[in-house]
Amino acid sequence: MEDLFNKFQKKFEVHGSDGEERQERRFKTPDISKKGIMIVVLVFLAYIIATNSLFTVNEMEQAVITRFGEVQTVIVEKITPELEAEIYDIPQFKDVKIREGKGLFFKVPVIDQVEKYTSRLLTYNTLAREVTTSDKKKIVLDNNAQWVIRNPLLFRITVNNIRSANTKLDDIMYSKLNEKIGLTDGSTLISDKAYVYAMTNQIRINTNEEVSNFGMEVIDVRIAKTELPESNYENIFNRMRTERQKIANKFRAEGEEQYKIMTAQASKEVTILKAEAYEIAQTIQGEGDALALETYANAYNKDPEFYAFYRTLESYKKTLGEKTKLVIGADSEFAKYLYGTE
């Protein structure tokens with residue numbers, strides 16, 4: 001370490017206050033030539049030029065390059081025919097270059113200025129405000145919207161910053177909301193979600209027709225919260241209760257009608273099934289009787305005496321009990337078979 005300090009030090013002769021000469025070791029001034037100074041200056045200038053001629057546009061940015069206040073280039077994520085038409089339809093911007101993409105870009109050092117604008121989704125949110133419905137009810141409404149900067153050039157020359165854009169959006173959207181809510185009754189606004197969705201979607205379309213002139217596009221409009229002033233609670237709830245009761249009565253009447261139709265249909269089907277079953281039973285019984293008669297006839301034709309004997313035994317079997325006493329004549333059919341008399 002001592003050798004290193006000695007390398008950059010040199011002995012100098014100094015005179016003290018008493019006039020005595022002595023030598024001291026001091027750091028020596030480095031020997032730098034004019035060529036070296038020029039190299040250092042050139043490197044410094046190259047660094048300044050490089051840092052001022054390059055700039056980046058990241059994934060969440062878009063940019064406008066100006067030269068002496070005049071727009072030279074617009075850098076966007078994607079070039080669309082609508083974007084080109086919006087820019088080139090303005091005579092003063094017919095020579096503006098439109099470039100798309102993200103990454104590293106060049107500009108003229110010092111002369112060109114880069115203004116960057118976000119390409120992210122921005123949120124417009126308002127304080128809760130009181131609006132009046134078609135049935136003259138006052139409702140406290142809180143709404144918000146999501147929007148983007150679609151054309152950074154138009155955005156720059158009209159509203160220029162997000163705060164002014166939100167103010168402009170608030171003026172337009174509040175007017176559109178009041179117009180639509182003025183045509184809607186209070187109970188529908190509070191309870192009919194499908195209607196409210198269609199209404200806010202239409203407000204988004206109507207708002208975009210105006211904010212497109214500012215290079216903006218509204219992506220979504222939502223009503224975050226609706227509240228009733230306390231003075232309106234009773235009237236609104238009574239009307240809602242009456243409407244729900246009317247709908248319930250309608251559903252009950254339709255259900256009763258369907259019940260009667262289904263009951264009558266079922267009764268008709270039961271009657272038809274019983275008639276068809278009776279017809280089938282009668283047919284089967286008739287066929288059975290015919291078969292029995294045919295069997296009896298065949299048996300009779302084969303042996304009339306045996307058939308008569310068998311039928312007699314069958315009749316006695318059916319008519320006589322276990323303790324029945326029977327007195328029969330000697331000339332009866334049974335005696336004839338029992339005793340073998342003629």
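In this predicted model, the largest pocket is lined by Gln62, Val76, Glu77, Lys78, Thr80, Glu82, Leu83, Ser119, Val148, Ile149 and Arg150. Two elements, helix α3 (81-88) and strand β11 (138-149), each give two or more residues to the lining of this pocket. The volume of the largest pocket comes to about 230 Å³, and the residues of its lining divide into 4 nonpolar, 3 polar and 4 charged.

The second largest pocket has a volume of about 180 Å³. Of the 13 residues that line the second largest pocket, Lys193, Val196, Tyr197, Ile223 and Ala224 are the closest to its centre. The elements that supply two or more residues to this lining are α6 (186-191), α7 (193-211) and β12 (216-227), and among the contributors β12 gives the most, with 6 residues. By residue class, the lining of the second largest pocket holds 7 nonpolar, 2 polar and 4 charged residues.

What else does Arg150, a lining residue of the largest pocket, take part in? Besides its place in that lining, Arg150 forms a salt bridge with Glu217, and the closest N and O atoms of the two are 4.0 Å apart. Glu217 lies in strand β12 while Arg150 lies in the loop between β11 and α4 (152-158), so this pair ties together parts that are 67 residues apart in sequence. The link does not stand alone, since salt bridges that share partners join Glu86, Arg150 and Glu217 into one network. With regard to exposure, Glu217 is partly exposed, with a relative accessible area of 30%, and Arg150 also counts as partly exposed, at 25% relative accessibility.

The structure holds 9 salt bridges. Side chains of opposite charge can pair when their charged atoms come close. The table gives three of these pairs.

| Salt bridge | N to O distance |
|---|---|
| Lys116 and Glu61 | 3.7 Å |
| Arg67 and Asp112 | 2.6 Å |
| Arg150 and Glu217 | 4.0 Å |

Which strands does the salt bridge between Arg67 and Asp112 tie together? Arg67 lies in strand β4 and Asp112 in strand β8, so the pair ties together parts that are 45 residues apart in sequence. Lys116 and Glu61 meet in a salt bridge as well, and here Lys116 belongs to strand β8 (residues 112-118) and Glu61 to strand β4 (residues 61-67), so this pair ties together parts that are 55 residues apart in sequence. As for the surroundings of these side chains, Arg67 counts as partly exposed at 30% relative accessibility, whereas its partner Asp112 is buried, because its relative accessible area of 5% falls under the 20% cut-off for that class. Lys116, for its part, is partly exposed, with a relative accessible area of 39%.

Backbone geometry draws attention to two loop residues. Phe68 is found in the loop between β4 and β5 (70-76), and its phi is near 55 degrees, a positive value in a residue other than glycine. Is Phe68 buried or exposed? At 69% relative accessibility, Phe68 counts as exposed, because the cut-off for that class is over 50%. Val110 likewise has a positive phi, of about 70 degrees, although it is not a glycine. The loop that holds Val110 runs between β7 (103-106) and β8, and Val110 is exposed, with a relative accessible area of 61%.

On the surface, a nonpolar patch of about 770 Å² is made by Ile37, Val41, Leu42, Phe44, Leu45, Tyr47, Ile48 and Ile49. Ile37, one of these residues, has its place in helix α2 (residues 34-53). At 45% relative accessibility, Ile37 counts as partly exposed, because this value lies between the 20% and 50% limits of that class.

A final point concerns Asp185, which is found in the loop between α5 (162-181) and α6. Asp185 is partly exposed, with a relative accessible area of 25%. Measuring from C-alpha to C-alpha, the model places Asp185 and Ile236 9.8 Å apart in space, while the two are 51 residues apart in sequence.

How values were computed: Residues are numbered from 1 along each chain as its sequence is written. This is a predicted model: local features need pLDDT of at least 70, side-chain atom pairs count only at pLDDT 80 or more; totals for chains, interfaces and linings use all residues. Side-chain values use heavy atoms; hydrogens and water are left out. On a 1 Å grid over the protein atoms alone, a cavity is a set of points where a 1.4 Å probe fits but cannot get out, and a pocket is an open set with protein on both sides within 12 Å along at least five of seven lines; lining residues have an atom within 4 Å of a point. Grid points are joined across faces, edges and corners, and a volume is the space filled by probe spheres set on the points. Helices (H or I, at least four residues) and strands (E, at least two) are DSSP runs, numbered from the N terminus. Ala, Val, Leu, Ile, Met, Phe, Trp, Tyr, Cys and Pro count as nonpolar, Asp, Glu, Lys and Arg as charged, and the others, Gly among them, as polar. Patches are made of residues with over 30% relative accessible area and no salt bridge: like charges are joined within 9 Å, nonpolar side chains (Val, Leu, Ile, Met, Phe, Trp, Tyr) within 5 Å. Accessible areas come from the Shrake-Rupley method with a 1.4 Å probe; for residues, only the protein chains shown count as cover. A salt bridge is a side-chain nitrogen of Lys or Arg within 4 Å of a carboxyl oxygen of Asp or Glu. Buried means under 20% relative accessible area, exposed over 50%, partly exposed in between (1.4 Å probe, protein chains only).
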